[in-house]
Amino acid sequence: MRKLFPSYLTGAILAIIGYIAGSQFVYHRIGSDNQPAGPNFTEQGMVVGFALFFIGWLIGIGALKYPFTWLLALKDPDHEEEMRLAGKDAGIIRYFKFTTDHKVVGIQYLVLVLIMLGFGGLGALLIRSELMRPGALLFPTETYNTIVTMHGMLMILATITFFIGPFGNFIVPIMIGARDMAFPRLNALSFAILVPAIVIFLSIPFWGYGQANGYGGGVQTGWTVYGPIATQTGMGMTALATAVILAGFSSILGAVNVITTIITMRAPGMRWTRMPMTVWGIFGAALLAALGTSSFAVDLLLILLDRIYKTSFFAASTGGNAVGAGGGNAWLSQNLFWFFGHPEVYLIVLPAFGIVCDVVAVFSRKPIFSYKMGVLGIMGVCVVSFLVWQHHEFVSGWAPELRFWYMATTELISVPTGFVFLVLLGTLWRGRIWMTLPMMFALSFLWNFVIGGLSGVFLSDVPLDVQLHGGMFVTAHFHYTIVGGALMCFFAAVAYWFPKMTGRMLDEKLGWIAFWGIQIGFNVAFLSMFIAGLQGMPRRVADYDPAFATANFITSIFAFLLIASVALYFYNIVISWVAGKKAVANPWGALSLEWQTPTPVPLENFEEIPVVTSAPFQYTQETVEAEAAAEPAAGQAAG
Amino acid sequence: MDTAVPASGHGEHAAASHIDEERKVRLGMLFYVLTDVTFVIFMLVAYPWLRSYNTDQGWFPFQHMRLPDQGTTVTLLLLMVVSAVFYFIGYMGIRAGNQWILRIGMLISLVLMLIALVGQIRFMGSQQFSTGDGTFADTWLLFSGYHIYHLLWATFLGLGVTHRAFRGRYTKEKHLGVVTIGYFWYWAALTPILIFILMTALPPKL
Amino acid sequence: MDDASVSPPTPPTPPGPPARAATPASTNHIARAAIIWAVCTAIAIVVFLLVAPHVVEWGILPAAASNRSDEINTVMWIFTLLSIPVFFMVVVFGGYAAFAFNRRRGRAGGTFLPSRRLPVVWIIISFVLVTFLYVYGLSFLNQVNAQEGNNPLVVNVTGEQWLWNFSYPQYGNAQSTALELPVNRPVIFHIQSVDVQHSFWIPAFGIKQDAVPGETTTISATPETIGTYVVRCAELCGLYHAYMETPVYVVSAGDFDTWVHAQVTPVPTSSSSSFIQPNVLPAEAANRASWRTSSVAEG
Ligand SMILES: [Cu+2]
């Protein structure tokens, strides 16, 4: 019983007490009578409640112990205390409390991300069910728009986390030969912040749903939460803004930690040019997260102020149904949003670039082809991605005279992206290719991402964007990059590192079935969605013209196949985790550092910090031939 | 191969040997402050933006509206600057190994910070305008509020540093906490200067 | 492979004779893949050229009813034609490698090492392609920005949750909730919004411009084909965004004159309050789109 204090259980209890105390304090001590011009006390109560929910959670799990021992100048924690906090000999309970060991945090992130993807996928299922035929099939538009918003935002939160979180925490420190992250407590904290953020986020549908203000409950805005409509829409917006600000804070803290770890914690001899590409990818993504996220946080903060205190950062006062007091500018919201929003999509994709390069190198049994070009590609995309955001506003009317410049940067970004393709093709060529599950997902990245990238070039061109913007073509395009590119790499990464993270092998047979289901379902569904976009179907509509019926029907049917296959893959993860084949330390014959540690990885990773003497994945002719000679003739058995 | 050859014969097994702990902590704090800097920059963007669009004359709608008192603004700003200067003096003291300069410096800077905090809250509350009185009022209150958030953080950190200084936790060799919290302290003092410059270069009244 | 981790690092060695033995030296994989690539590209281009003239007829692209549409379709054809070889470049070489160098074929690999030339060639080609696309797009960009001269018709468009209002200032502010335009006369739309952002989109004209509260945005086009088209809202604007559609009638100049003069007495436009009652049922909102002949029936 003592083990349960502090743990997530006490955290949850204090969080709930905190929410009730905070909101009731506002309603009873500050006010509850909402006047049109005065503050909105209902939502003020929500925000204060969420804040205390968050603080109660942190106190309950014991995350704030260290700041206060520091403040009171009590005894500084010694090594033994640190080890206890890292979950030494704590058993399974260490996954349910504030634990600083980076491997525990990595697993916690992995589970949370899978849950988020599950909820997001449920949203996708509901959306595609509604859109299967024209007409209002299942939901009122109020529900449909809320589902669209939640699907979008939740998937974004999941995808910006699903490399930096699980793999950035579990794998990167071992990969660079460190004993832990640079700031283990901060690391545990950034996960601890994400949990209440997701809980608050998932409460969105319950806020003000069905309220009679004429604009709907939940959130009617889409994940872009543009200017005045975010002020106008239902109370769910307040929950969304609070949750996403918290998640952004978590992502910033995590990014700072990852950057510092990679800069300062590399093992002797691990020069910048010797890091595996995964580390480069996650490094680039962390830079984007650290520098871009604030922009969205400011946007959401201003939305909250507009909603609660009736400021008017985004709302103009023209006309009859104006939202708010007036004087605001909607383009400010768009720019704040997209200055984060565009680097954000590269934040998702950069680690995918890195991981896919590593996976392809390992399973081609070759060094990465033209390593420097790969690094240049990743870092080039990282830098240029801050200069392209206006292409989301080609038709917004804001600064049309700048379009030629943003068109140039947007098309330019395809050049460093192309470097990554060269690296991949060069690594594959004349390799000794071993078709494992991770390799199959990595190869599917080639196919999917080239379609996503090429359709992006269509959209970067202003005259075409004027036609295609805000339509299903865009939806299909970014699903090709994020699902077809990043999610496939996530699946590859899960399959690749599963033996190291869980000590068991992911079932290849089930994985193989899921893989083909995913590829077929995904490609047919979204190619068909491209057609709907070309036909002129707008995005985020609950209902549509019968002219788009065929394309949508095909999309829906194959989206169901995709969702079912992803569910099968998730089932495979769960079943293999519980009862999979036990894995050896290095089943893939990979050469990077994490595979040289025993499985399960001991608490401080290495008995002795290794000294690195060469670039990653230096497979040679001799080693590969020796391996080939040692194999059974079929060559199919897992190493 | 990414050869992991165990270090042998150099006694290089201790975790700390190849990692510069001080550099790590300083770098981490600098990056954290950098994210705060980006936050402030994006917030400041709202001011010239809304001012230049001045949608429906909503920037400064009531021409009789009184501006925040310049004298108070400058006084609060100077308080912050002096506080940062004393912080720096305290830091120089511990670098020279003098505990008392550190303690006095920290204490004075903390007290000044507290005065600035209380002053800023009273200043914000005493304005004739409130939210919804045009976008200048909104941005001013936003900056003011964020500055208070900065001051709260700085006060919390300052309490810790001062307390620890009086407990003698910092030495000539080991005073990393003073350095890193200094980064935040200086940045908190720099923010109102940036805002002041912005509002002087682009005066509220069009 | 565990022993590999502790063996001293060896620099990558050039291919030795044993590797040659595993793959006959006669097999020129690059040439083979290049031939496959060329064939795939050629087939795809031929198919594309056969399909392209029919896409409007098959409903894959909206009817081309304005001077913008042809430009857009031309750009789209050029981009698609250029994408085909790039797509097959990646897919064919990747796919070929996956099959030909699979370890089940029993060869030991590791022979294709970076040359200096390939990355340089790759960079040059990608820059050339991008520059071409950019310059090509730029030439059309200027046309998008160009204002229409020659006696243009001015239409003031106001987006409102969830409908469009149009007024014709040159015709005594005639008002309408459907858009009627004369054929072959340039039109300038001045677009505003009274509440939240909308986006004024006529797919058949190939124009789209956001309606932003507090600002006026502008876009222009010349309708060239008589017919009935549609204005859609392309920016999620709340509850009934999906139903924010209005017909566009492109008619002859004479018909337009008759129509517009009949509208001159400004019909009291649905003011914000009288338009949609807050608790309107989705079905009622769907009925608003009933001009769409079969949508509601099918739903
Ligand atoms: Cu709309």
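Student: Why are helix 2 of chain A and helix 11 of chain A called oblique to each other?

Tutor: In this predicted model, helix 2 (residues 41–60) and helix 11 (residues 277–308) of chain A pack at an angle of about 140 degrees, with their axes 9 Å apart. Roughly antiparallel needs an angle over 145 degrees, and roughly perpendicular means 65 to 115. The pair is therefore oblique.

Student: What makes the contact between helix 2 of chain A and helix 11 of chain A?

Tutor: Helix 2 of chain A contributes Glu43(A), Gln44(A) and Val47(A), while helix 11 of chain A contributes Leu304(A), Arg307(A) and Ile308(A). Sorted by class, this contact has 3 nonpolar, 1 polar and 2 charged residues.

Student: Why is Ser250(A) called buried?

Tutor: Its relative accessible area is 4%, and buried means under 20%. Ser250(A) therefore counts as buried. The residue lies in helix 10 (residues 236–264) of chain A. Leaving aside neighbours within four places in sequence, Ser250(A) is in contact with Tyr109(A), Ser190(A), Ile193(A) and Leu194(A).

Student: What are the protein donors of the copper ion?

Tutor: They are His198(C) through ND1, Cys233(C) through SG, Cys237(C) through SG and Met244(C) through SD, lying 2.0 to 2.5 Å from the ion. Along the chain, the donors follow the spacing H-x34-C-x3-C-x6-M. Cys237(C) and Met244(C) are buried.

Student: How do you know that the site of the copper ion is tetrahedral?

Tutor: The angles among its 4 donor atoms are 93 to 130 degrees. Four donors count as tetrahedral if all angles lie between 85 and 135 degrees, so the site of the copper ion is tetrahedral.

Key
Residues numbered from 1 in each chain as written. Chains lettered and ligands numbered in written order. Predicted model: local features only at pLDDT ≥ 70, side-chain atom pairs only at ≥ 80, totals over all residues. Heavy atoms only, no water. Axes fitted to C-alpha atoms, helices over the stretch in contact; angles between N-to-C directions. Helix = DSSP H or I, 4+ residues; strand = E, 2+ residues; numbered from the N terminus. Parallel < 35°, antiparallel > 145°, perpendicular 65-115°, else oblique. Contact = heavy atoms within 4.5 Å. Nonpolar A, V, L, I, M, F, W, Y, C, P; charged D, E, K, R; others polar. Donors = N, O, S within 2.8 Å, 3.2 Å for Na, K, Ca; no water. Tetrahedral: all angles 85-135°; square planar, octahedral: opposite > 155°, others 65-115°. Buried < 20%, exposed > 50% of the residue type's maximum accessible area, 1.4 Å probe, protein only.
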